[in-house]
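Here is a short briefing on one protein model. Keep the sequence and the 3D view at hand as you read.

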Amino acid sequence: MIWLNRTLSLEFLPNPEVGNPQTPIEWVQIIYTKAQAYTALIKEVYEQCLKEGDAGAGIFLQWYISEQNRVEQLFYDLIQECSRSGSNAALLLLDARYRK
């Protein structure tokens, strides 16, 4: 990809080793880990924009960082609530809450 007369290489994150998840909470944990990896990648691009003095791109990326932080918090909360309840059935109750 060529941007601002520079060639950029955008590498996609490899899929995490998921093994053989047996429970819904294991899938939520995998999604949470992936969300953290994407947040880190977006923050790296944001930092590079700041170093290059590209304030416009930095402002644009701030929305993505905020959204990723929101997604991470959502999955973190799901994991914590399921851990406290000791039951994967808690995901059904949480689904109803977050569906709104």
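The notes below go from the overall layout to the helices, the cores and the surface.

This is a predicted model: local features need pLDDT of at least 70, side-chain atom pairs count only at pLDDT 80 or more, and totals for chains, interfaces and linings use all residues. Residues are numbered from 1 along each chain as its sequence is written, and side-chain values use heavy atoms, with hydrogens and water left out. The protein has three helices and two strands. Helices (H or I, at least four residues) and strands (E, at least two) are DSSP runs, numbered from the N terminus.

**Overall layout**

- From the N terminus on, the order of elements is β-β-α-α-α.
- The protein has 100 residues, and 26% of them are buried. Buried means under 20% relative accessible area, exposed means over 50%, and partly exposed lies in between (1.4 Å probe, protein chains only).
- About 7,600 Å² of the protein is exposed, and carbon and sulfur atoms supply 58% of that area. Accessible areas come from the Shrake-Rupley method with a 1.4 Å probe; for residues, only the protein chains shown count as cover.
- Take the contacts with a separation of 6 or more: residues 24 or more positions apart account for 53% of them. A contact means heavy atoms within 4.5 Å.

**Helix α1**

- Helix α1 covers residues 24-52.
- The 29 residues of α1 should span 42 Å at 1.5 Å a residue, and the end C-alpha atoms are indeed 42 Å apart. The expected span is 1.5 Å times one less than the number of residues in the helix.
- The buried residues of α1 are I25, V28, I30, Y32, K34, A35, T39, I42, Y46 and C49.
- L41 also lies in α1. L41 counts as partly exposed because its relative accessible area is 30%.
- E47 is another residue of α1. Its relative accessible area is 42%, so E47 is partly exposed.
- Just after α1 comes G53, with a positive phi of about 80°.

**Helix α2**

- Helix α2 runs over residues 55-85.
- α2 has 31 residues and reaches 45 Å from its first C-alpha to its last, close to the 45 Å expected at 1.5 Å a residue.
- Its buried residues include A57, G58, L61, I65, Q68 and E72.
- Y76 is found in α2. With a relative accessible area of 35%, Y76 is partly exposed.
- G86 follows α2, and its phi is positive, near 75°.

**Pairs across the sequence**

- L41 and I65 are 24 residues apart in sequence, yet 9.7 Å apart in space, C-alpha to C-alpha.
- E47 and L61 are separated by 14 residues in sequence and by 9.9 Å in space, C-alpha to C-alpha.
- Y76 and Q29 are 47 residues apart in sequence and 8.2 Å apart in space, again C-alpha to C-alpha.

**Nonpolar cores**

- Which residues make up the largest nonpolar core? They are I25, V28, Y32, A35, V71, F75, L78, I79 and C82, nine residues in all.
- The elements that give two or more residues to this core are α1 and α2. The largest share, five residues, comes from α2.
- A nonpolar core is a set of buried Ala, Val, Leu, Ile, Met, Phe, Trp, Tyr and Cys residues joined through side-chain atoms within 4.5 Å.
- F75 touches V28, I31 and Y32, not counting residues up to four places away in sequence.
- Apart from the largest core lies another, of six residues, among them I42, Y46, C49 and I65.

**Surface patch and salt bridge**

- F60, W63 and Y64 make a nonpolar surface patch of about 360 Å². Patches are made of residues with over 30% relative accessible area and no salt bridge: like charges are joined within 9 Å, nonpolar side chains (Val, Leu, Ile, Met, Phe, Trp, Tyr) within 5 Å.
- Y64 belongs to helix α2. Y64 is partly exposed, because its relative accessible area is 34%.
- The structure holds one salt bridge. A salt bridge is a side-chain nitrogen of Lys or Arg within 4 Å of a carboxyl oxygen of Asp or Glu.
- In it, the side chains of R70 and E67 meet at 2.6 Å, N to O.
- R70 and E67 both lie in α2, three residues apart, about one turn of the helix.
- An α-helix has 3.6 residues a turn, so residues three or four places apart point the same way.
- R70 is partly exposed at 48% relative accessible area, and E67 is partly exposed at 24%.
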